[in-house]
Amino acid sequence: MARIVLLLGLVVLALFWALGRRRGPTGSGRAPREPAGRAAEPRTMVRCARCGLHLPQTEALQDPSGHWFCSEAHRAQGAAE
C-alpha cells in the first residue's frame, strides 16, 4: 500500500513540474510583462539652475522667475551665475 501512495505522489509531482515548465519561467501562466523602460511614459526632465542636475519635472521645485531646482536649499541659494 505504501508503494502505491509513493508512486501516486511521484506522478502528481511530475505533473505539477511538467505543467509549470509549460507556463514559462514565471510559472503564472500569463505572458511576461514588458520591461519598465518600454512601458513607462516619457517624463519631462529639467535641469537644476544651481548645480546642473537633471531630474523629472514632477520632482523639481520652481521659483517665481521660472528656474527649476533640485532641492529647497538650491532654490534658496538661487540660480548659478
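Let's start at histidine 74. Leaving out residues up to four places away in sequence, histidine 74 touches Cys48, Arg50, Cys51 and Phe69. Keep in mind that this is a predicted model. Where does histidine 74 sit? Its place is in helix H3. Is histidine 74 buried or exposed? Its relative accessibility is 19%, so histidine 74 counts as buried. The cut-off for buried is under 20%.

Now step back to the whole chain. The protein chain has 3 helices and 4 strands. Starting from the N terminus, the order is α-α-β-β-β-β-α. There are 81 residues, and 14% of them count as buried. Histidine 74 is one of the buried residues. The chain exposes about 7,200 Å². Carbon and sulfur atoms supply 59% of that exposed area. One more number for the chain. Take the contacts with a separation of 6 or more: 14% of them come from residues 24 or more positions apart.

Next, charges. Side chains of opposite charge can pair when their charged atoms come close. How many salt bridges are found in the whole structure? The search finds 2.

Take the one in helix H3. Glutamate 72 forms a salt bridge with arginine 75. The closest N and O atoms are 2.6 Å apart. Why are these two residues about one helical turn apart? Because they are 3 residues apart in helix H3, which covers residues 72–77. Both are partly exposed. Glutamate 72 has a relative accessible area of 46%, and arginine 75 has 29%.

Now the other pair. Arginine 43 and glutamate 59 meet in a salt bridge through their side chains, at 3.8 Å from N to O. Arginine 43 lies in the loop between helix H2 (36–39) and strand S1 (45–47), and glutamate 59 in the loop between strand S2 (54–56) and S3, so the pair ties together parts that are 16 residues apart in sequence. Look at accessibility here too. Arginine 43 is exposed at 56% relative accessibility. Glutamate 59 is exposed as well, with a relative accessible area of 52%.

Now a charged residue without a salt bridge. Aspartate 63 is buried, yet has no salt bridge. Find aspartate 63 in the loop between strand S3 (61–62) and strand S4 (68–69). Which side chain of opposite charge is nearest to aspartate 63? That is arginine 75, and the distance is 7.3 Å. A salt bridge needs the nitrogen and oxygen within 4 Å, so this pair does not qualify. We have met arginine 75 already, as the partner of glutamate 72. What does the side chain of aspartate 63 have instead? It has a polar contact of 2.9 Å with the side chain of serine 65. Setting aside neighbours within four places in sequence, aspartate 63 is in contact with Phe69 and Arg75. Phe69 should sound familiar. Histidine 74 touches Phe69 too.

Last stop, the surface. Which residues make the nonpolar surface patch of about 320 Å²? They are Leu6, Leu10 and Leu13. Pick out leucine 13. This residue is found in helix H1, residues 2–23. Its relative accessible area is 56%, so leucine 13 is exposed.

To recap, go back to two residues. Histidine 74 is buried in helix H3. Aspartate 63 is buried in a loop, with no salt bridge. Rotate the model and find them both.

Methods: Residues numbered from 1 in each chain as written. Predicted model: local features only at pLDDT ≥ 70, side-chain atom pairs only at ≥ 80, totals over all residues. Heavy atoms only, no water. Patch = residues over 30% accessible without salt bridge, like charges linked within 9 Å, V, L, I, M, F, W, Y side chains within 5 Å. Areas by Shrake-Rupley, 256 points an atom, 1.4 Å probe, with all protein chains shown as cover. Buried < 20%, exposed > 50% of the residue type's maximum accessible area, 1.4 Å probe, protein only. Lys, Arg positive; Asp, Glu negative; His and termini not counted. Polar contact = N/O pair within 3.5 Å; in protein donor to acceptor, adjacent residues only side chain to side chain. Contact = heavy atoms within 4.5 Å.
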